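Pull up the model, set the cartoon and the side chains to be visible, and let's walk through it together. We'll go from a small search result out to the overall fold and then into the packing.

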Amino acid sequence: QIIETICSCNDFANDDVQLQVIKALLTATTSEHCDVNEGSLLMAVRACYNIYLISHNAINKTTARATLTQVLNVVFQRLEAEDDRLRKLGVDPTAIELACSPPLGGATPATSV
């Protein structure tokens, strides 16, 4: 919800607002105390990417690019750490992924009554 609030700042044309949005998104997405789900992460990445595309300010463009890199690096570090943790527990991470993934085609499995 915090990322949605940050991204709802519609004044992305203002250089100061752009920079503050980038900083806030970096803090929210890389914080260990803020859980970010898939939708929020995608929203944050899109906002940084859009700022990078529309900004005429070189500092904001560089900051947006660096933020995207850092956010994605943190995400992959967390994925790898969770993968290692599960393997140490003797759990196959791919089995969890398959169990949590929706069926192909988006269809829900039929249930027997």
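How many salt bridges does a search of the whole structure find? Two turn up, and keep in mind that you're looking at a predicted model.

Start with Glu82 and Arg85. Their side chains meet in a salt bridge, with 2.7 Å from N to O. Both residues sit in helix H4, which covers residues 58-88, and they are three residues apart, about one turn of the helix. As for solvent, Glu82 counts as partly exposed because its relative accessibility is 35%. Arg85 has a relative accessible area of 42%, so Arg85 is partly exposed too.

Next, take Asp83 and Arg87. Here the side chains meet in a salt bridge at 3.2 Å, again N to O. Asp83 and Arg87 are four residues apart in helix H4, so about one helical turn separates them. Asp83 comes out at 24% relative accessibility, which means it counts as partly exposed; the cut-off for buried is under 20%. While you have Asp83 selected, look across to Thr94: the two are eleven residues apart in sequence, and their C-alpha atoms are 9.2 Å apart in space.

Now zoom out. The protein chain has five helices and zero strands, so reading along the sequence you get the pattern α-α-α-α-α. Of the 113 residues in the chain, 24% are buried. If you like contact maps, here's a number for you: among contacts between residues at least 6 apart in sequence, 56% join residues at least 24 apart.

With that picture in mind, how do the helices sit against each other? In general, two packed helices are described by the angle between their axes and the distance between the axes. Take helix H2 (residues 15-30) and helix H3 (residues 38-54) to begin with: they pack at an angle of about 150°, with their axes 10 Å apart. That makes H2 roughly antiparallel to H3, since angles over 145 degrees fall in that class. The crossing of H2 and H3 is left-handed. On the H2 side, Gln18, Val21, Ile22, Leu25 and Thr29 do the touching, and they meet Ala44, Ala47, Cys48, Ile51 and Ile54 in H3. Sorted by class, this contact of H2 with H3 has eight nonpolar residues, two polar ones and no charged ones.

Then follow H3 on to H4. Their axes come within 8 Å and cross at roughly 155°, so H3 and H4 are roughly antiparallel to each other. The crossing of H3 and H4 is left-handed. The residues of H3 that make the contact are Leu41, Val45, Cys48, Tyr49, Ile51, Tyr52 and Leu53. From H4 come Lys61, Ala64, Arg65, Thr67, Leu68, Val71, Leu72 and Val75. By class, the contact of H3 with H4 has twelve nonpolar, one polar and two charged residues.

One last stop is Thr69, which is found in helix H4. Is Thr69 buried or partly exposed? With a relative accessible area of 44%, Thr69 is partly exposed. Thr69 and Val45 are 24 residues apart along the chain, and their C-alpha atoms are separated by 9.8 Å. Val45 should look familiar, being one of the H3 residues in the contact with H4.

Definitions and conventions: Residues are numbered from 1 along each chain as its sequence is written. This is a predicted model: local features need pLDDT of at least 70, side-chain atom pairs count only at pLDDT 80 or more; totals for chains, interfaces and linings use all residues. Side-chain values use heavy atoms; hydrogens and water are left out. Axes are lines fitted to C-alpha atoms, for helices over the stretch in contact, and angles run from 0 to 180 degrees between N-to-C directions. Helices (H or I, at least four residues) and strands (E, at least two) are DSSP runs, numbered from the N terminus. Angles under 35 degrees count as roughly parallel, over 145 as roughly antiparallel, 65 to 115 as roughly perpendicular and the rest as oblique. A crossing is left-handed if the near helix is turned anticlockwise from the far one by less than a right angle, and right-handed if clockwise. Contact means heavy atoms within 4.5 Å. Ala, Val, Leu, Ile, Met, Phe, Trp, Tyr, Cys and Pro count as nonpolar, Asp, Glu, Lys and Arg as charged, and the others, Gly among them, as polar. A salt bridge is a side-chain nitrogen of Lys or Arg within 4 Å of a carboxyl oxygen of Asp or Glu. Buried means under 20% relative accessible area, exposed over 50%, partly exposed in between (1.4 Å probe, protein chains only).
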